[in-house]
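Work through the exercises below with the model open. Each task is followed by its solution.

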Amino acid sequence: MQTRLLGTGGPQVAPLALGCAGMSDHTAPADEADAIATIRTALAAGVTLLDTADFYGMGHNEDLIRRALRAGDREKALLSVKFGALRGPDGAFVGIEGRPAHVKNALAYSLRRLGTDHVDIYRPARLAPDTPVEDTIGAVAELVQAGHVRHIGLSEVGPETIRRAHAVHPICDVQIEYSLFSRDPETNGILDTCRELGIGVTAYGVLAHGLLTGTYRQPAGGEPRAHWLPRFHPDNLATNLALADRLRPLADGHGVSVAQLATAWVIAQGRERGTVVAVVGTRRPHRVQEALAAADITLTEADLATIDEAVPAGAVSGTRYAAPLMALLDSERGPNPAGEHPEPTVGRTGSAS
């Protein structure tokens with residue numbers, strides 16, 4: 001795989017990153033042996049950016065990564081850690097915190113769980129409602145100066161916040177949900193702002209929670225996630241699966257799966273929009289191998305035009321998340337600035353990735 005800089009001053013990375021949330025936070029528990037093997041498979045294949053958070057499994061995910069890293073692996077691995085999402089004893093998300101004291105305290109615990117003296121990218125998971133972003137990023141900048149953090153990232157914030165944070169300290173990348181089914185970053189100024197400022201993008205949700213795999217089948221008895229993921233609701237599901245099926249002829253023409261084509265489309269957006277890395281969330285080693293094929297797919301301009309024709313921006317049926325969850329997140333964050341692109345916390349066992 002050809003690597004690229006993640007942002008003007010960021011680290012060298014593969015076009016794929018491994019999202020580790022599902023190894024600790026999921027509707028069904030992950031097998032730890034499989035999870036550890038998945039991390040090791042990714043590193044051996046050159047996928048070095050591991051995306052985690054201190055609230056994934058309330059520390060479990062960081063501890064899992066520490067156990068997965070063998071002698072010499074820490075030098076290969078780039079640890080991207082989110083902080084700031086608060087959870088209660090029952091696992092429920094209870095708020096967002098960004099005060100400087102919390103930033104430094106959270107990192108101290110993360111370093112202990114990860115078994116390292118530094119993290120490579122440290123980022124607030126969301127915009128804290130009661131703390132100016134300048135204060136939060138300023139605290140992380142002090143950790144950079146102290147050698148405990150190498151680069152600073154952001155997650156799910158809009159253009160104004162990106163600019164304010166970048167003015168305090170150079171931002172390496174912004175993590176956002178971005179896929180053929182979630183294309184708001186193209187129109188709300190996030191991608192344009194990142195490209196202008198030389199900031200990379202790490203895109204998660206590239207398979208739209210499974211809708212873009214080409215293999216999704218509704219569970220017997222209905223899809224339990226439909227109440228908070230409207231795109232899985234019966235009123236929307238048939239339309240969305242039909243859209244995914246429209247990708248199959250092109251995928252077949254390249255000899256790849258729909259999932260691999262959808263992932264390749266995200267990576268290809270880096271041609272015009274700066275560095276875009278696809279964060280692939282999986283808990284199985286063979287899924288890493290499948291994702292690797294996406295990085296080798298060369299999509300021509302004609303291919304991209306065909307994909308846009310098959311799945312036009314805005315064609316997906318249903319919003320990303322249910323309105324009550326969006327309202328809950330907004331109440332936690334305070335007034336939602338124009339252009340902000342939030343993602344809700346998703347229940348007691350889900351992850352705010």
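**Exercise 1.** Classify Ala 310 as buried or exposed.

Solution. Ala 310 has 9% relative accessibility, so Ala 310 counts as buried. Buried means under 20% relative accessible area, exposed over 50%, partly exposed in between, with a 1.4 Å probe and protein chains only. This is a predicted model: local features need pLDDT of at least 70, side-chain atom pairs count only at pLDDT 80 or more, and totals for chains, interfaces and linings use all residues. Residues are numbered from 1 along each chain as its sequence is written, and side-chain values use heavy atoms, leaving out hydrogens and water.

**Exercise 2.** Place Ala 310 and list what it touches.

Solution. Start with the element: Ala 310 lies in helix H14 (residues 301-310). Helices are DSSP runs of H or I with at least four residues, numbered from the N terminus. Next, the contacts (heavy atoms within 4.5 Å). Leaving aside residues up to four places away in sequence, Ala 310 touches Leu 243, Arg 246 and Leu 247. Finally, take Leu 250, 60 residues from Ala 310 along the chain: their C-alpha atoms are separated by 9.7 Å.

**Exercise 3.** At what angle do H4 and H5 pack?

Solution. Helix H4 (residues 100-114) and helix H5 (residues 133-145) pack at about 40 degrees, axes 8 Å apart. Therefore H4 is oblique to H5. Oblique covers angles that are not under 35 degrees (roughly parallel), over 145 (roughly antiparallel) or 65 to 115 (roughly perpendicular). On the H4 side, Pro 100, Val 103, Lys 104 and Leu 107 make the contact.

Note on methods: Axes fitted to C-alpha atoms, helices over the stretch in contact; angles between N-to-C directions. Helix = DSSP H or I, 4+ residues; strand = E, 2+ residues; numbered from the N terminus.
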